[in-house]
Amino acid sequence: MHNKSIHWFRRDLRLEDNRALYEACLNSNEVIPIFVFDTNILNKLKAKDDKRVTFIYETILELKNELLNLGKNFLILYGDPTIEIPKAAKKLNVNCVYTNKDYEPYAKSRDHTVEKILQKENIQFLSFKDHVIFEEKEILNASGSPYKVFTPYKNAWLKKLQPQHLSKFNPDLKKITQHSGLENKIIELANIGFKKATLIVKPGKVGAAEQLEQFSLKIKNYDINRNFIDLDGTSKISIYMRFGIISIRELFRYANSFPSKGADVWKSELIWREFYPMILSEFPHVENNTFKEEFNSITWSGKEEHFLKWCEGQTGYPIIDAAMRYFNETGWMHNRLRMIVASFLTKDLLIHYKKGEEYFAQKLLDFDLAANNGGWQWCASTGCDAQPYFRVFNPETQSKNFDPQGSFIKKHCPELSFFSEKYIHAPHTASEKEQNKAKCIIGINYPFPIVVHDKQRLKAIEMFKI
């Protein structure tokens with residue numbers, strides 16, 4: 001039993017069903033909750049109105065207020081955690097630092113450093129599995145190796161799942177301290193070099209609860225509607241998962257309360273969110289190189305000017321442009337659109353997936369290194385994919401299939417809003433008369449396609465024959 005401990009919040013911004021906080025409260029007389037605004041991460045962000053910083057900041061304030069309402073305290077620090085956590089642990093005279101595991105390379109390195117420093121002060125460092133149901137080497141194939149393809153991994157994952165894996169870890173909050181012994185003023189966004197951004201989602205547990213309530217009306221038809229961009233048939237819960245505002249166990253319990261094909265497909269998507277951290281942990285080379293190492297030598301011949309057109313939503317392909325413009329404005333992108341724009345960048349524009357991955361990393365509200373890297377490599381055919389490299393999405397076909405009336409396109413490319421359903425997916429094929437009727441002249445009011453898909457598709461396939 002520890003006399004006094006720290007619980008270090010990271011990707012687990014909640015009090016309920018929090019494994020490390022549960023263990024800290026179970027095994028300590030007194031627990032001090034701490035969050036560190038990490039300068040190693042914040043200093044790399046380019047935008048001072050980064051939406052994720054606003055989201056985390058407002059979530060932290062909600063969590064602090066929740067604790068204050070219970071008569072408890074919550075330390076919010078700013079700096080390098082490898083300095084701030086040991087410093088706080090020593091000053092507060094604690095016996096142990098509890099935290100939940102993070103599987104990203106930076107996080108592993110950070111935690112190893114913190115643990116070594118604490119050991120010199122005879123302070124324990126204990127970390128627990130919380131962000132996933134199964135981690136690292138818990139799901140292995142018959143030969144004892146990690147899976148490299150999703151479907152057999154998912155089947156093994158489901159076979160291993162038992163009711164106890166979804167049990168709640170509700171901490172005894174009475175153990176959380178009322179007085180910290182450290183100055184505990186509210187840190188303003190401006191003090192950490194950022195300003196408030198506009199969000200399309202509500203932060204914190206209130207936002208997560210509202211999102212799940214809305215999804216409860218859609219989950220049974222998720223399998224049918226999830227790909228249709230104009231139907232809003234997805235959960236939009238990934239940002240709350242990313243920061244641990246809601247536990248993965250609660251999400252599976254939630255899905256199980258709506259027995260249906262839709263719920264089963266949604267659970268499959270949750271399992272993808274376990275597969276990619278496993279891949280990152282067991283095959284760390286994927287952070288900077290292709291998963292299929294033979295493809296490291298591919299020459300990506302795309303042009304920088306085309307990359308910039310893709311970023312700006314000025315490619316002449318309406319579904320790509322609408323997706324990128326909405327993404328730039330909100331930090332959010334429908335999963336089907338993520339696949340379409342990623343395929344277009346890599347297979348039509350022949351641009352290295354790392355450029356797209358890095359652009360998403362700058363802006364995605366729900367940015368997660370493992371999921372972002374895995375998704376981009378899947379689309380680029382360099383990653384964990386059973387399908388061969390000659391799968392190339394046709395943007396016009398994708399547009400017709402998943403935004404059939406062009407509703408999403410018209411909303412986010414308003415210059416195209418008067419085109420009929422016949423031409424909205426490829427307005428450059430409209431006659432001069434049709435363009436005049438639509439009040440949009442291609443090449444003047446909206447660009448011609450910057451590449452010809454059929455030609456680029458053949459180049460992409462040839463590129464992989466190394």
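**Helices, rings and a few odd backbone angles**

Cys 311 is found in helix α12, which covers residues 304–312. The model is a predicted one, and in it this cysteine is buried, with a relative accessible area of just 7%, under the 20% cut-off. Leaving out residues up to four places away in sequence, Cys 311 touches Met 324, Asn 328 and Tyr 359. The last of these partners, Tyr 359, is 48 residues from Cys 311 in sequence, yet the two C-alpha atoms are 8.0 Å apart in space.

Met 324 turns up again in the packing of two helices. Two packed helices are described by the angle between their axes and the distance between the axes. For α13 (residues 318–330) and α14 (residues 335–348), the axes come within 10 Å and cross at roughly 115 degrees. The crossing of α13 and α14 is left-handed. On the α13 side, the residues that meet α14 are Ile 319, Ile 320, Ala 323 and Met 324. Their counterparts in α14 are Leu 337, Ile 340, Val 341 and Phe 344. An α-helix has 3.6 residues a turn, so residues three or four places apart point the same way.

Helix α11 (residues 261–282) makes for a quick geometry check. With 22 residues at 1.5 Å a residue, α11 should span 32 Å, and its end C-alpha atoms are 31 Å apart, which agrees. As for its surroundings, 18 of the 22 residues of α11 are buried, so the helix is largely enclosed by the rest of the structure.

Next come the aromatic rings. A pair of aromatic rings is described by the distance of the centres and the angle of the planes. Searching the whole structure turns up 35 aromatic pairs. One of them joins Phe 35 and Phe 37, edge-to-face, with 5.0 Å centre to centre and 85 degrees between the planes. Both Phe 35 and Phe 37 are buried. Phe 228 and Phe 402 also pair: their ring centres are 6.0 Å apart and their planes sit at 65 degrees, over the 60 that edge-to-face calls for, so this pair is edge-to-face. The pair links distant parts of the chain, 174 residues apart, with Phe 228 in the loop between α8 (222–225) and α9 (238–242) and Phe 402 in helix α17 (residues 395–402). Phe 228 is partly exposed at 25% relative accessible area, whereas Phe 402 counts as buried at 13%. Elsewhere, Tyr 147, Phe 150, Tyr 153, Trp 272, Phe 275 and Tyr 276 form one aromatic cluster.

Charged side chains meet rings too. The charged end of Arg 338 sits over the ring of Trp 332, 5.3 Å from its centre. Likewise, the charged end of Lys 355 sits over the ring of Phe 307, at 4.4 Å from the ring centre.

Finally, the backbone. Most residues other than glycine have a negative phi, and most peptide bonds are trans. Glu 136 has a positive phi, near 40 degrees. Glu 136 lies in the loop between β5 (124–128) and α6 (150–160), and is partly exposed, with a relative accessible area of 23%. Ser 381 also has a positive phi, near 65 degrees. Its place is the loop between α16 (369–380) and α17, and at 1% relative accessibility Ser 381 counts as buried.

Key:
Residues numbered from 1 in each chain as written. Predicted model: local features only at pLDDT ≥ 70, side-chain atom pairs only at ≥ 80, totals over all residues. Heavy atoms only, no water. Helix = DSSP H or I, 4+ residues; strand = E, 2+ residues; numbered from the N terminus. Expected span 1.5 Å × (residues − 1). Buried < 20%, exposed > 50% of the residue type's maximum accessible area, 1.4 Å probe, protein only. Phe/Tyr/Trp six-rings, centres within 6.5 Å; stacked < 30°, edge-to-face > 60°. Lys NZ or Arg CZ within 6 Å of the ring centre and 35° of its normal. Axes fitted to C-alpha atoms, helices over the stretch in contact; angles between N-to-C directions. Left-handed = near helix turned anticlockwise from the far one by under 90°. Contact = heavy atoms within 4.5 Å.
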